[in-house]
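Trainee: Please take me through one part of this model in close detail, and then show me what surrounds it.

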Amino acid sequence: MEKFWFELLDKAKGKEKISYWDFVFSDNYEDFVVRSYLTSFLVSYGYAEILVKPMEDEIFLIPKLKPEKPTQTASTSLTIPINYARWLKLKKERKK
């Protein structure tokens, strides 16, 4: 988990936030699913926050320099649908 968190910190270096899709994307669909799954734990355990802009259809990760587990009253549940069609779309966008 920490290795994955360090990867997030490295990719977001110098930025306040990073695109969720940029972070979880992999050229391999199975890895894409695993990265999405692991990212949910980064957020759940306070290694990162998630920012959703539904009107723009954007999702961002905000890495934390020090993990802070959210309190139960402050926590929310969020479903981010990942599927093969989404992965194909992201893969196609990266080839441009």
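Mentor: Start with the hairpin. Strand 2 and strand 3 form it, with four residues between them. In the turn, Asp 57 has a positive phi of about 55°. Strands here are DSSP runs of E with at least two residues, helices are runs of H or I with at least four, and both are numbered from the N terminus.

Two notes on reading this. Residues are numbered from 1 along each chain as its sequence is written, and side-chain values use heavy atoms, leaving out hydrogens and water. The model is predicted: local features need pLDDT of at least 70 and side-chain atom pairs count only at pLDDT 80 or more, while totals for chains, interfaces and linings use all residues.

Stay with Asp 57. The residue is not a glycine, yet its phi is positive. Its place is the loop between strand 2 and strand 3. Asp 57 counts as exposed because its relative accessibility is 52%. The cut-offs are these: buried is under 20% relative accessible area, exposed is over 50%, and partly exposed is in between, using a 1.4 Å probe and protein chains only.

Now follow the two strands. They run antiparallel, joined by six bridges. Lys 53 has Glu 58 as its bridge partner in strand 3. Leu 51 is partnered with Phe 60. Two strands count as paired if DSSP finds at least two bridges between them. In general, strands of a sheet pair through backbone hydrogen bonds, either parallel or antiparallel.

The hairpin belongs to an open sheet of three strands, ordered 1-3-2, with antiparallel pairing. Strand 1 (18-19) and strand 2 (48-53) are the edges; each has a single partner, so one side of each has no neighbour in the sheet. Strand 1 meets strand 3 (residues 58-63) through two bridges, again antiparallel. Ser 19 has Phe 60 as its partner there.

Next, the helix across the sheet. Helix 1 (residues 2-11) lies across strand 1, strand 2 and strand 3, at about 105° to strand 3. Such angles run from 0 to 180 degrees between N-to-C directions, with axes fitted to C-alpha atoms, for helices over the stretch in contact.

Just past the hairpin comes Lys 64, in the loop between strand 3 and helix 4 (84-95). Lys 64 has a relative accessible area of 15%, so it is buried. It touches Trp 5, Leu 9, Gly 46, Tyr 47, Ala 48 and Glu 49, leaving aside residues up to four places away in sequence. Contact means heavy atoms within 4.5 Å.

Lys 64 also leads to Leu 42. The two are 22 residues apart in sequence and 9.8 Å apart in space, C-alpha to C-alpha. Leu 42 is in helix 3. It counts as buried because its relative accessibility is 0%. Beyond four places in sequence, its contacts include Leu 8, Phe 23, Tyr 47 and Ala 48.

Leu 42 is part of the largest nonpolar core, which has 19 residues. Leu 8, Trp 21, Phe 23 and Leu 42 have the most contacts inside it. Helix 1, helix 2 (20-24), helix 3, strand 3 and helix 4 each supply at least two residues. A nonpolar core is a set of buried Ala, Val, Leu, Ile, Met, Phe, Trp, Tyr and Cys residues joined through side-chain atoms within 4.5 Å. Trp 21 touches strand 3's Ile 59. Its other contacts include Phe 32, Ile 80, Pro 81 and Leu 90.

Helix 3 (residues 29-44) also holds Arg 35. At 13% relative accessibility, Arg 35 counts as buried. A polar atom of its side chain lies 3.5 Å from the backbone oxygen of Val 24. A polar contact is a pair of N or O atoms within 3.5 Å; within protein, one must be able to donate a hydrogen and the other to accept it, and residues adjacent in sequence count only if both atoms are side-chain atoms. Arg 35 touches Phe 4, Glu 7 and Lys 11, among others.

Phe 41 is in helix 3 too. It is partly exposed, with a relative accessible area of 25%. Met 1 is 40 residues away in sequence, and 8.1 Å away in space, C-alpha to C-alpha.

Finish at helix 4. At its start, a side-chain oxygen of Asn 83 reaches to within 3.2 Å of the backbone nitrogen of Ala 85.
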